[in-house]
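Visitor: Could you take me on a close look at a single part of this structure? I am new to this, so please go step by step.

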Amino acid sequence: MWLREEEMASLDYDELYRAILKVESTNLGRIFYFAKKVLCVQPHPDDTDFAAGGLIAKLTKRGCEVAYVTLTDGRIGTLDPSLYPEKLASVRVEEQKEAAEILGVKKLMWLNYRDSELRVTIEARNKLITLIREFQPDLILTVDPWLTYEAHPDHVATGILAVEAAFFAMFPHANPGDVRGGLRPHPTAFIAFYWTRKPNVYVDITDYMGAKLKAVSSHKSQYPHGGFEEVENLLKTYSVLMGKKIGVQYAEAFKVLSPLKHLHCCVYAEDL
Ligand SMILES: [Zn+2]
């Protein structure tokens with residue numbers, strides 16, 4: 001759907017800007033109903049479950065195939081100096097397996113970069129491009145790298161790597177060994193960001209809140225000394241707040257964009 005020039009000429013700036021946003025954002029949320037394959041690109045074990053566990057449970061319930069790729073090993077995610085980092089990393093793999101089982105996620109992949117030290121590199125981007133071409137997702141779900149005041153470098157780097165990989169996976173000459181090896185270039189139709197300041201799609205997760213809380217609680221190393229109650233309250237507060245937007249008890253919020261249309265030279269992507 002496009003705006004006709006006569007139509008545009010009759011509108012003032014604000015009216016036209018709103019009209020453009022309306023055209024560009026039409027149907028963005030529908031991907032959550034139609035996606036058959038979703039690739040979740042997360043910085044650490046637990047991020048997807050924490051931010052989007054309700055959506056994931058909802059997707060797998062209707063038969064959508066969901067895979068996680070975790071970029072770092074989660075080895076520094078503790079305040080306990082006696083817990084050996086390698087041991088923590090292996091504990092967190094088991095915790096993520098347990099949470100995935102609860103949410104119906106069948107495939108877990110690990111890139112094992114050192115926790116807290118992830119950087120945006122061509123090597124990491126190429127690994128993601130290969131995974132995208134192998135899995136051929138309709139939707140990539142990741143952390144919003146442009147969240148204001150985000151201090152964790154792994155989160156910023158993961159979001160940037162995911163958008164770059166989503167964008168370049170469609171170009172055969174990007175990481176060309178893939179195509180020579182028989183993989184197809186892949187244009188991912190949509191990308192969705194969680195922990196975003198500019199959500200444009202709200203998902204009712206009321207029926208999946210129990211599963212989400214159970215999955216998040218599986219990451220026991222993150223809640224020593226019975227600390228899950230505080231996290232549960234935090235998750236409920238966020239979900240109730242987002243639920244207000246669509247008149248439901250619990251919701252999760254995402255910013256959905258099209259890598260083809262909105263991730264390059266798109267001056268209104270922020271407002272979509
Ligand atoms: Zn994280």
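Guide: Happy to; we will begin with the whole chain and then settle on helix H10 and the loop after it. Please keep in mind that this is a predicted model.

The chain holds 11 helices and seven strands. Its radius of gyration is 19 Å, close to the 19 Å that the globule rule gives for 272 residues, so the chain is as compact as a globular protein of that length. Of those 272 residues, 42% count as buried. Among the contacts with a separation of 6 or more, 78% join residues 24 or more positions apart.

Now to our part. Helix H10 runs over residues 228–246, which makes 19 residues. From its first C-alpha to its last it reaches 27 Å, close to the 27 Å expected at 1.5 Å a residue. Which residues of H10 are buried? They are Leu235, Ser239, Met242 and Gly243. These cover an arc of only 110° around the axis, which puts them on the same side of H10. Turn to the other side and you find exposed residues: Glu229, Glu230, Asn233, Leu234, Thr237, Leu241 and Lys244. And what covers the buried residues? The cover includes strand E6 (201–204), helix H9 (209–217) and strand E7 (251–257).

For another view, look at helix H7, residues 153–168. In H7, 12 of the 16 residues are buried, so this helix is largely enclosed by the rest of the structure. Among its buried residues are Asp154, His155 and Val156. The buried residues of H7 pack against several elements, including strand E1 (37–42), helix H6 (122–135) and helix H11 (259–262).

Back to the end of H10. Just after this helix, glycine 247 takes a positive phi of about 70°. A little further along, glutamine 249 sits in the loop between H10 and E7. Is glutamine 249 buried, exposed or partly exposed? It has 14 C-beta neighbours inside 10 Å, so it counts as partly exposed; 20 or more would have made a residue buried, and 12 or fewer exposed. Setting aside neighbours within four places in sequence, glutamine 249 is in contact with Thr206 and Gly243. You have met Gly243 already, as one of the buried residues of H10. Glutamine 249 and methionine 209 are 40 residues apart in sequence, and their C-alpha atoms are 9.7 Å apart in space.

Notes. Residues numbered from 1 in each chain as written. Predicted model: local features only at pLDDT ≥ 70, side-chain atom pairs only at ≥ 80, totals over all residues. Helix = DSSP H or I, 4+ residues; strand = E, 2+ residues; numbered from the N terminus. Rg over C-alpha atoms; globule rule 2.2 N^0.38 Å. Contact = placed C-beta atoms within 7 Å. Expected span 1.5 Å × (residues − 1). Arc of directions from axis to C-beta.
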